[in-house]
Each structure stands twice: as structure tokens, then as C-alpha cells.
Amino acid sequence: MKSNNQGNKTLNHEPFVPENLLFDSFWNAFGDLSIGVIVIDRNATVRFFNSMAGYFMGIQPLLVLGKPVQETLSETKIIETLSTGIPHYDKQRMINGKRLKCSSIPIKIQGKIVSAVEFMLDNTEKTSIMKQLKDQREKYDLLDGLIDATFEELGAVDKDGRLTYISRKSAQNLGFSCHEILGIDMSTIDKKCFLKKVANTGISYVGKISRPHKKPVPVMVTPILKDNNVSGAVCRSVFTDMAQAREFLPRMQKLDEARKTKQHPKKISECRFSIDDIIGQSKAIANVKKKALRVAEGDSTILITGESGTGKELFAQAIHMASLRRNGPFGRVNCAGIPESLLESELFGYEPGSFTGAGKEGKPGKFELAHNGTIFLDEAGDMSMGMQAKVLRVIQENEIERVGGSSIYEVDVRIICATNKDLWDMVNKGQFREDLYYRLDVVNIHVPPLRDRTGDIPFLIEHFIPIINKRVNSNVRAVSQEVMDCLLSYDWPGNVRELNNVLEGAMNLNIGESIDMEALPSRVRKKMAGQPLFKPVGPEERVLEFKDRRAVEKAMIEQALSIKNGNKRQAAIYLNMCRSTFYNKLKRYNIEVASSENRHPPPLSIKPGFPDKDRCPIVGHVQTLTCPKHVLGR
């Protein structure tokens, strides 16, 4: 009871403060206002904070009342206004993504500053509209300037002939400004103008117009169509007078002639081949194409192996075109074709002045240029050990350092390597880094040699002939059956590249639409000529007396292997026998294939009744490739 009496006594003796009435009653009327209102007392304490101010600031109003304003508003002029009594109007502030226009004013009672108030107005939409209007105005001024610089005469009318647009030059030629004549009937300004006539008829007009004290100007007047209906007409010209128009046509004709006579090198795209450009239907090549498409979906490093001329780069490009990086660059580097001293700068680039002859601005390397794409390192087995270490770092760290530089560049490339060497054998000999080998040989794709897919030769010939025809200007359409048999039996050490070159050489020499044997290179013809069905018989001209079918088969297989120098695949083709069947018969008869080239066929005994040496001693047919199938079962 005593404490309450003391409290009442204190309240009864509390002096009357005028601003308290202001805070308690006046500002409460601003609570639901659509603008933000913040009021502080002379001690810079927040006394009023309406809901819209809380919305702008992202704060609950009740959490702010009674606290110093500095804790709520870090960038505000209200404290400065309270201390100096100077108001601040329309100050732009960005708060929580909103552009606010803020004004702070002092509140005075009897000439003394008792508080300050800040008003906040959302100016975001208005500012955005003003910015859009400013951008549109700049674009319009740019377009207007481009039109004036492009056309000597340009004007448009609606379907009633009223002017809807005219360039500055055209208006000046008529003696007006643009704003003076817009919306006026064009026929009242120039009675000879064809704009209104074309707008009415929809028929274009080509002619010339005359201006006071100016030379005639060639113009073209065409209708403006909207939804297939004529909505107006436009008149335009790019010439200042008729003389300039007359000079234009001969000048263009000279440029056309110069373009036809001057040889411009044709720029070839970075990647030209897809998986569909790889010719072949054999099982060997089909499996490789299927594997290439499967690994193209990923981003792993790929090692393509195979003999020279098999088309390793073709597969590299096909993988790139089938991958997610197809829209990125495809860089190619022949590691064997670039000197060791230049290969590093070619791969990694160089900084200005890094070596004698270096460009003043430096040069990016192939890895930089292939960023977000694929880089193809051909003949990777020919890199030196030092270069192998630098390539290993790129694969591991995805970063490169230019020659002569200190900056590190991050690159995102997929690496595809190709080689015709046995890298693992080189690793065992210490000629190739083992750690790099494991990095490169993540996915291995082996391209088979042409001799392992001779069934694709007819398709390759059909593909190459039209291409070579354009280059050598020949009329070859096909090859003779004799030539086809010769090409099918040839070993093709140079693979597809050699086949292409053999065809091109033959088509240069051939006369007629079908290539004959005389047009083939001598090495190909000699290979065929030196392989008769049976080697010459011995001096005693004896023929083997075969006791049963098994002896015949075994003797013929041994003789075919001898003729083909131990090549089992060629021997199977020679006997017109399936390869798997041939291998089974080798196993059945325990025939060991000799590697020596001095292997001789078993002697043949001439049996009475076979006087003709050119006839087969087994079936009596003239020597042909199909002869053995009469004796050997499939």
C-alpha cells in the first residue's frame, strides 16, 4: 500500500510535456497510411512506427518502439534533421529491393525542435517506368539516326495518304521539319507524290522524284501490307541523285567479277564428320561405332588405337558431334607433326616476349581454345617425356600455364587421343609415362584395319568414287569384277587411306566408266598375279592320291596356308570358307601354322588322265577361286 501511494504521488507530480500529447494522440492517426511514417523524440528514440514503414523495412513495428533509431535505420537523414533542424526532401534509398523516396522534417514547438519525422514513399514502379521510357527513347534516337544515315529519302503514309513517318532528310528536302508535316495529307504537300496512289491501289511504283533546287532522285514506292490488306505505302531511296544510281550497277558487276576470279580459301568448320559419315556395315566396324556412341554420352578421356589410315580422327570427330559438347570447339593437334620446341607453345600458348619470335600480344594455346569443347591429340605416342608430364597435369588439375607466364588458366576440355603405336609396350620400355597411360586409356576404342573388314570395301568404293570424280574430273561409275576381286584379296597395309589413294590414281589413268586392271598400281596387280590357285607342280609332275575326304581337306588347307604365307584369315578367304569353320578344321587336323615365309606346299603327283597342268588336279576345273569349295565342306 505504501509503494502504491508513492507511485501515485510520483505520477501526480510528473510535469506536463507537450510532445507527449503529440506522440500519444496525433501520430496514431497515421497508423494505416499508405506511406511509411517514422517519428523520433528529442533523444532520437523511436516513438511512432506505422505498419507501412514496417513493411518497407521488414520489421514488426512493436519491436522498434522505444529503441534508438540508429539500431533500425542505419542510412537515414532523420537524425541529422533532428540535430540541425534542416529538412531533407526526396532522398532516394534502396531498402529490401524497393526504391524509396524519403523525406525527413523537424517538428518544432515554441521554436524548439522536439522531434523529427521521416516519410517513405515507394517509388519503385515509377522509377522502372521512367527507366524504360529513357531506354526506349535512346533506342528510338539510335534507330532514327541509322535510318537517316541509310536512306536519302524515306517516308510512309496510311491508307488515306496521311503522313505517318518521314526522315529528317526527306522533311528538309520538302522544306519542313518532321513535326510540322506528320499527319498531313501527302497530296497537299507534293501533288506529284505517288505515296497516296500506291496506298490506294496496292501497286508498286519505281521512278524518280524531283525536289525544288535539287537533282531528281530514284525512288521505289511499295505498299505496306497488314494481314494481307494494304494499310499504307512507303517511299525509299538510297541514292542522292540519278547519276549515283547509274554508277552503282556497273560497280556491283565489277565486284561480282572480281569475286568470281579471285580464289578465296574456303574456311572449313572445326568438326565435319558424324557417326553416320563412317562407312561400313561389317560386324567389326559396327561394334566400334556402337561403342563410340556409347562413350560419347560421358566425359571420360578416350584413347583411340589403330593402324595408320584406319580413320581414328574420323571417330574422334564423330564422338565430339555425338557428345554434349557438340556446340563447343573441337581442337586438333598432331603431336608428331610439330617440332618439340614449338609443341609446348602450340598446346599451352605463350605470353608476350616469352621467346624469340613470340607475338607482342601473346597467343592462347589449343587447350584454351578448346575450352568447353574437345581437344584431339593425334599421334600421342610421339610426345616427349617432358611434354607427357605437362599433359598429365592438365588432365589431373584441369589447368594450364602459358609459356613464359605465371598465371594459371582453368580449362574444361575433353581429351581424345589417338596413336598407331603400342603404348603399353612403350611403357614397359620406359618410353611412355605409366601414370599418363592410365589417364589416357580410360576408354579404349580400337579401329580395326581394313584387312579385317574386307566386306566394307565395296561400300567404301561406292562412297569414294563420286567424291574423287569431282576432284579429277572423270566419269568413272564403278570397278570391274576382276578389279573388285583384286581389291578384296589385297592386304591394304595403308588401310582406308591407301584404298582412297589407289582409287584416285586408277581414276586418273582409267578410260571409260569402269576401272580395269591396267589402271591399278603395279604393287596391287603384282600381289594378285603372284597368287595362283595352286603353285606350279614339281618336276616329276606327280599328283597326290587322296584316300579320303579328310586327307583332301587337310592337304588343301595346308596348301592354302602355304600360298598365303601362313595368314589364316587370307587362307580362309582363299578357300571361300567361313573363318570359324577354318579354325575348327585347323584344330581338328592338328595343323600348326608356320610363320616362315619359306613354307612350301606338299608335292603334287600327276595322275594319268590329267595332262593339262592348268587344270585342278582334284576336280579337273580350270584354276578359279571357287575351285576349293567343290572339295572342302563348309
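1. In E18, Val413 is the bridge partner of Gly373, and this contact belongs to a parallel pairing of strand E15 (residues 373-378) with E18 that extends over five bridges. The model under discussion is a predicted one, and the remarks that follow should be read with that in mind.

2. A second neighbour of E18 is strand E11 (residues 302-305), which runs parallel to E18 and is joined to it by four bridges. Within E18, the residue that stands opposite Ile304 is Ala418.

3. As to its surroundings, strand E18 (residues 413-419) is mostly covered, with seven of its seven residues buried. The cover reaches both faces of the strand: Val413, Ile415, Cys417 and Thr419 are buried on one side, while Arg414, Ile416 and Ala418 are buried on the other. Val413, the partner of Gly373, and Ala418, which stands opposite Ile304, therefore lie on opposite sides of E18, and both are buried because each has under 20% relative accessible area.

4. Turning to the aromatic residues, a search of the whole structure finds eight aromatic pairs. In one of them, Tyr55 and Phe56 are tilted, with 5.8 Å centre to centre and 50° between the planes. Phe56 has a relative accessible area of 3% and is therefore buried, whereas Tyr55 counts as exposed because its relative accessibility is 51%.

5. Another pair, Tyr437 with Tyr438, is edge-to-face, at 5.8 Å centre to centre and 65° between the planes; the term applies because planes over 60 degrees apart are counted that way. Tyr437 is buried, since its relative accessible area is 14%, and Tyr438, with a relative accessible area of 47%, is partly exposed. Ring pairs also bring in Trp424, so that Trp424, Tyr437 and Tyr438 are linked into a cluster.

6. Two further tyrosine rings have a charged side chain over them. Lys568 lies over the face of Tyr583, at 5.2 Å from the ring centre, and the charged end of Arg588 sits over the ring of Tyr589, 5.9 Å from its centre.

7. On the surface, Leu142, Leu143 and Leu146 make a nonpolar patch of about 300 Å². Of these residues, Leu146 lies in helix H5 (residues 124-150), and with a relative accessible area of 48% it is partly exposed. Leu146 can therefore be part of a patch, because patches are made of residues with over 30% relative accessible area.

Terms used: Residues numbered from 1 in each chain as written. Predicted model: local features only at pLDDT ≥ 70, side-chain atom pairs only at ≥ 80, totals over all residues. Heavy atoms only, no water. Patch = residues over 30% accessible without salt bridge, like charges linked within 9 Å, V, L, I, M, F, W, Y side chains within 5 Å. Areas by Shrake-Rupley, 256 points an atom, 1.4 Å probe, with all protein chains shown as cover. Salt bridge = Lys/Arg side-chain N within 4 Å of Asp/Glu carboxyl O. Helix = DSSP H or I, 4+ residues; strand = E, 2+ residues; numbered from the N terminus. Buried < 20%, exposed > 50% of the residue type's maximum accessible area, 1.4 Å probe, protein only. Pairing = 2+ DSSP bridges. Phe/Tyr/Trp six-rings, centres within 6.5 Å; stacked < 30°, edge-to-face > 60°. Lys NZ or Arg CZ within 6 Å of the ring centre and 35° of its normal.
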